[in-house]
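Work through the exercises below with the sequence and the coordinates open. Each task is followed by a solution in steps.

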Amino acid sequence: MSAADLAREVGLRRTFAIISHPDAGKTTITEKMLLFGNAIQLAGSVKSKRSDRHATSDWMKMEQERGISVTTSVMQFPYGGRIVNLLDTPGHEDFSEDTYRTLTAVDSALMVIDGAKGVEARTIKLMEVCRLRTTPILTFVNKMDRDIRDPIEVMDEVETVLNIHCAPMTWPIGMGRHFKGVYHLYNDVIHLYTQGQGSRIPDDKRIEGLDNPEVDEVLGAEQAEELRMEVELVRGASHEFDLEAYRRGELTPVYFGTAMGNFGVREMLDGFVEHAPPPQVRETDTRSVEPEDARFTGFVFKIQANMDLKHRDRIAFLRVCSGKYEKNMKMRHVRIGKEVKIADALTFMASDRAHVEEAWPGDIIGLHNHGTIQIGDTFTMGEDMRFTGIPHFAPELFKRVQLKDPLKLKALQKGLQQLSEEGATQLFQPLDNNDLILGAVGTLQFDVVAHRLKEEYKVDCVYEPVNVQTARWVYCDDARKLEEFKRKASANLALDGGGYLTYIAPTRVNLQMTQERWPEIRFAATREH
Ligand code: G4P
């Protein structure tokens with residue numbers, strides 16, 4: 001591999017995820033993007049619908065037919081001369097931790113907003129997460145085929161609520177039944193909307209130039225005039241697109257369209273591959289890693305179990321940060337300090353998992369995992385360093401696990417350990433007793449864990465309430481102080497699944513009082529891997 005090859009491959013990659021509130025249209029727009037990437041023939045076949053808003057029982061069923069989630073965990077497709085990697089995030093809030101960590105593996109994000117609903121709760125939350133790494137955001141205002149809110153008002157809301165400047169790139173012509181298309185503010189082209197082309201690559205009917213008399217013919221004099229005035233107004237009142245400000249996360253280019261009608265998506269994708277950043281520099285505990293660095297490095301941001309019933313394996317998703325992955329290559333698994341040979345990594349072209357011969361920065365590869373890989377693990381060519389910024393969040397819900405058959409304790413411990421490594425739940429073992437306490441961000445996680453313990457580890461368990469309301473990871477530079485704290489507060493201390501000391505507080509007031517009493521101790525709401 002020459003330096004020029006590497007630089008070229010880096011320049012081609014665009015790795016991103018979608019942030020949105022459930023129902024805004026993430027699934028639909030994913031489908032259409034794959035269609036444009038020729039990754040599927042007919043939209044509507046991407047996935048058997050969302051696991052998000054399903055009841056637990058449905059989710060379990062889907063879990064059993066797990067193939068579904070793997071094919072859509074990472075999707076790679078070519079578009080506009082680039083190679084696009086789209087990382088899927090679970091829609092259900094109960095699995096938001098997974099989403100947060102996936103966002104650490106992308107270089108930019110696409111924010112999909114339901115034009116009728118505007119900025120919704122989950123979008124705000126996800127935007128905060130993007131802010132932690134100043135991830136550039138591109139915006140798609142969806143559902144223009146409905147009577148949505150005034151587009152100017154929607155942009156205002158994005159600006160004030162999300163605290164980011166908006167630069168409209170396209171402008172909608174009408175909405176709902178009167179939706180006629182979009183005007184590209186920078187190319188001076190009108191793209192006309194034709195209904196009924198949602199499941200294929202739509203024709204691109206265009207009129208060059210806003211002042212073209214054809215505009216009056218097609219839209220009618222009145223709507224044409226209205227559009228011209230609106231465009232003038234919008235140009236005057238909104239921010240101009242500024243690539244640097246976008247790349248710094250201060251400004252978001254905004255596109256309008258309808259994912260269902262597969263319209264406006266092409267213009268958005270064209271803008272995306274043109275402006276979105278290629279693989280970025282990543283930080284480790286010892287140095288910054290440039291993607292063009294010839295030494296291979298990567299980190300694991302997600303682990304998923306038995307995604308394919310035929311294989312029943314666990315796959316660790318590794319983001320390549322620098323250098324090149326080649327089949328059969330040896331790498332160093334830094335945390336356990338061992339050289340490992342990776343013969344059969346998976347790639348995620350279109351919707352099939354296939355074996356990869358090579359992968360470049362920005363790409364995701366799947367490593368078969370037999371329990372040695374954890375979320376946050378770094379792989380290198382021998383260097384001892386760790387990528388930083390892959391967080392664990394303090395859970396808000398806690399339950400004690402009780403075995404139905406006490407003889408199954410070993411299997412239970414093993415199962416919980418592995419499930420916590422995967423990030424499916426968090427495990428806390430108090431210093432003072434033998435309880436096994438599970439922590440989760442959403443209740444559905446508990447059901448999934450019980451189900452998987454039964455299916456995969458043959459362990460039947462029940463949950464009991466436990467007097468824990470919140471948890472904080474505990475750090476202190478002063479070893480003596482820490483020992484004193486461990487002695488005096490041992491009733492509320494536990495080790496988490498990774499062996500880290502954690503304060504499990506019965507109430508928030510208790511946590512606050514403990515923090516006040518022990519100013520030397522740091523109580524962290526997130527733990528870095
Ligand atoms: P999500 O993944 O973000 O949760 O959203 P999803 O794509 O599943 O879309 C949520 C609902 O919004 C779906 O309707 C979908 O058809 C609809 N939708 C998506 N894009 C558009 C659009 O551009 N215009 C209109 N009018 N609707 C759109 P549903 O009734 O819940 O599902 P289905 O019956 O259509 O499958």
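**Exercise 1. Place Lys327 and describe its surroundings.**

Step 1. Lys327 sits in the loop between strand 16 (325–326) and strand 17. Helices (H or I, at least four residues) and strands (E, at least two) are DSSP runs, numbered from the N terminus.

Step 2. With a relative accessibility of 36%, Lys327 counts as partly exposed. The classes are buried (under 20% relative accessible area), exposed (over 50%) and partly exposed in between, with a 1.4 Å probe and protein chains only.

Step 3. Beyond its neighbours within four places in sequence, Lys327 is in contact with Ile342, Ala343, Val356 and Glu357. Contact means heavy atoms within 4.5 Å.

Step 4. Ser199 is 128 residues from Lys327 along the chain, and their C-alpha atoms are separated by 37 Å.

**Exercise 2. State how the model was obtained and where its confidence falls below 50.**

Step 1. This is a predicted model, in which local features need pLDDT of at least 70 and side-chain atom pairs count only at pLDDT 80 or more, while totals for chains, interfaces and linings use all residues. Residues are numbered from 1 along each chain as its sequence is written, and side-chain values use heavy atoms, with hydrogens and water left out.

Step 2. The mean pLDDT (the predictor's confidence in each residue, from 0 to 100) of the protein chain is 89, and 90% of its residues reach 70 or more. For the complex, the predictor gives an ipTM of 0.98 and a pTM of 0.87.

Step 3. Residues 43–59 stay under 50 in pLDDT, and the model has 33 contacts for them beyond four places in sequence. Residues 62–71 are also below 50, with 24 contacts in the model beyond near neighbours in sequence.

Step 4. Where pLDDT is low, predicted coordinates should not be read in detail.

**Exercise 3. Describe the surroundings of Arg332.**

Step 1. Arg332 belongs to strand 17 (residues 329–333). Its relative accessibility is 16%, so Arg332 counts as buried.

Step 2. Leaving aside neighbours within four places in sequence, the residues in contact with Arg332 include Gly337, Glu339, Phe379 and Asp384.

Step 3. The side chains of Arg332 and Asp384 are joined by a polar contact of 3.5 Å. A polar contact is a pair of N or O atoms within 3.5 Å; within protein, one must be able to donate a hydrogen and the other to accept it, and residues adjacent in sequence count only if both atoms are side-chain atoms.

**Exercise 4. At what angle do helix 2 and helix 11 cross, and which residues meet?**

Step 1. The axes of helix 2 (residues 26–36) and helix 11 (residues 265–275) come within 10 Å and cross at roughly 70°. Axes are lines fitted to C-alpha atoms, for helices over the stretch in contact, and angles run from 0 to 180 degrees between N-to-C directions.

Step 2. Helix 2 and helix 11 are therefore roughly perpendicular to each other. Angles under 35 degrees count as roughly parallel, over 145 as roughly antiparallel, 65 to 115 as roughly perpendicular and the rest as oblique.

Step 3. From helix 2, Ile29, Lys32, Met33 and Phe36 meet Val265, Arg266, Met268 and Leu269 of helix 11. By class, this contact has 6 nonpolar, no polar and 2 charged residues. Ala, Val, Leu, Ile, Met, Phe, Trp, Tyr, Cys and Pro count as nonpolar, Asp, Glu, Lys and Arg as charged, and the others, Gly among them, as polar.

**Exercise 5. Determine how many residues of helix 5 are buried, and what covers them.**

Step 1. In helix 5 (residues 96–103), 8 of the 8 residues are buried, so the helix is largely enclosed by the rest of the structure.

Step 2. The cover of these buried residues includes strand 1 (13–20), strand 3 (82–87), helix 6 (121–132) and strand 14 (297–305).

**Exercise 6. Give the phi values and settings of Lys143 and Asp188.**

Step 1. Most residues other than glycine have a negative phi.

Step 2. Lys143 has a positive phi, near 70°. Lys143 lies in the loop between strand 5 (137–142) and helix 7 (151–162), and is buried at 15% relative accessibility.

Step 3. Asp188 has a positive phi of about 55°. Its loop runs between strand 8 (181–184) and strand 9 (189–192), and Asp188 is partly exposed at 34%.
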